[in-house]
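Please open the model in your viewer and keep the selection panel at hand. The stops below are meant to be followed in order, each beginning with something to select.

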Amino acid sequence: MHVLVLNSGSSSIKYQLLDMSGRRRLATGLAERIGERSGRLVHNGEDVGTDGFADHEAGLRAVLDAFAERGPALDEVVAVGHRVVHGGDRFAQPVLIDDDVEKAIGQLIPLAPLHNPANLEGIRVARRVFPDLPHVAVFDTAFHQTLPPEAYTYAVPPEWNVRKYGFHGTSHAYVSRRAAELLGRPYGEVNTIVLHLGNGASVAAVRGGRSVDTSMGLTPLAGLVMGTRSGDVDPGVLPYVARSLGLSLDEIDSALNRDSGLRGLAGENDLREVWRAVDGGDPAARLAMDVYIHRIRGYIGNYYAVLGEVHAIVFTAGVGENDPRTRERALAGLGRLGIAVDPARNAAPARHARAISPDGSGVAVLVIPTDEELEIAEQTINTDGVVRNPPD
């Protein structure tokens, strides 16, 4: 019942080994700086010396060497789960990977040019290294395939063939289900607004376990202000800056993805550094945080209206789990909606799921650490074609 979860980036491989019979994490690690002069491998918190990794295959084989030398053994692995960012409208569920699925993921690269190529490379390498194991693709977009047409449709010429897909789906699925467990209610009866706040950030409105709206769109660029991404902007900005500044579409796309958001407004994409600048009296940082919080509050109000009734607002991911100041400011003044934060509960450090709202609040405010790897492993082990208990 062991599942190896791989998350391949352009120059890295994040991995976890999980025992799904007890939902226990057995090993975790990161191979990074793949293709550079000095690669680095961290296995179970230990820096493993390497001579670097020429490519992803060399990186994955170094990971296997680390398992062989330091454990645990991989002989009980029954499947490999792969994170894939964009599944388009073809993949609404995890899928057993074959050559046709590989080809389809490649065809979706234009929708996620920063992510799908690396995800696909990891899949190809892992299938060569583990040829006898089933490999499963778990898509960030799949959870949002339940969006109704009025939520995913853009009011543009239909021949453009574009729509909202949404992302962070594995996180939103895991966290919304955990919220129902904490509330002691059936998942199908709970409405949640999930705020996944990290360097990348998104909001989802989840009605009875089904995503009915989300802030990211065709690409992960839309929605909230993020570390380096702009979030929502007037689409008229694009032709305006193209004409007035002479920028190409590729230059604009790069700027919106890499040089905007908190970095564009405050010069820093790490929220901790932005808060330090705010406390130091930096007006640009203060404006950045005002914009950041304003956008979050706007989406909370929007999705409250979409859901009609909200049982919980949930904070997750790096900022959502660890920044009480952002949580407090994002929900300040929403008492008439039944939303409030208990200052002492909010400020108390904790790494476990918990409520930070006062007892008796109309809407529970929860902080739930996300576990995308566990969600990927859970979906992998439950995919048709994966043998859960292989013979000895």
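**A tour by selection**

Begin with Glu69 in this predicted model: its relative accessible area is 59%, and because exposed means over 50%, Glu69 counts as exposed. Now add Arg70, whose side chain meets that of Glu69 in a salt bridge with an N to O distance of 3.1 Å; Arg70 itself is partly exposed, at 37% relative accessibility. This pair belongs to a set of 21 salt bridges found in a search of the whole structure.

Next, select Glu102 and Arg127, whose side chains form a salt bridge at 2.8 Å, N to O. The pair links distant parts of the chain, since Glu102 sits in helix H2 (residues 99-107) and Arg127 in helix H3 (residues 116-129), 25 residues apart. Glu102 is buried, with a relative accessible area of 12%, whereas Arg127 is partly exposed at 24%. If you extend the selection to Asp99 and Arg124, you will have a network of salt bridges that links Asp99, Glu102, Arg124 and Arg127.

For another such link, go to Asp290 and Arg329, where the closest N and O atoms of the salt bridge are 3.0 Å apart. Asp290 lies in helix H10 and Arg329 in helix H12 (residues 324-331), with their positions 39 residues apart in the chain. Asp290 is partly exposed at 34% relative accessible area, and Arg329 is also partly exposed, at 32%.

Helix H10 (283-307) leads on to the second largest pocket, as one of the elements that give two or more residues to its lining, along with strand E11 (210-214) and helix H7 (249-258). This pocket has a volume of about 1300 Å³. To centre the view, select Tyr154, Leu218, Thr219, Leu221 and Leu238, which are the closest to the pocket centre of the 38 residues that line it. H7 supplies the largest share of the lining, seven residues, and by class the lining has 22 nonpolar, nine polar and seven charged residues.

Keep Tyr154 selected and add Val156, Trp160 and Val162: together they form a nonpolar patch on the surface, with about 340 Å² of accessible area. Trp160, in the loop between helix H4 (149-152) and helix H5 (169-183), is exposed at 54% relative accessible area.

Finish at Asp51, in the loop between strand E5 (46-48) and helix H1 (56-70), which counts as exposed at 81% relative accessibility. A distance monitor from its C-alpha atom to that of Val190, 139 residues away along the chain, should read 51 Å.

Key
Residues numbered from 1 in each chain as written. Predicted model: local features only at pLDDT ≥ 70, side-chain atom pairs only at ≥ 80, totals over all residues. Heavy atoms only, no water. 1 Å grid on protein atoms, 1.4 Å probe; cavity = no way out; pocket = protein on both sides within 12 Å on 5 of 7 lines; lining within 4 Å. Points joined across faces, edges and corners; volume = space filled by probe spheres on them. Helix = DSSP H or I, 4+ residues; strand = E, 2+ residues; numbered from the N terminus. Nonpolar A, V, L, I, M, F, W, Y, C, P; charged D, E, K, R; others polar. Patch = residues over 30% accessible without salt bridge, like charges linked within 9 Å, V, L, I, M, F, W, Y side chains within 5 Å. Areas by Shrake-Rupley, 256 points an atom, 1.4 Å probe, with all protein chains shown as cover. Salt bridge = Lys/Arg side-chain N within 4 Å of Asp/Glu carboxyl O. Buried < 20%, exposed > 50% of the residue type's maximum accessible area, 1.4 Å probe, protein only.
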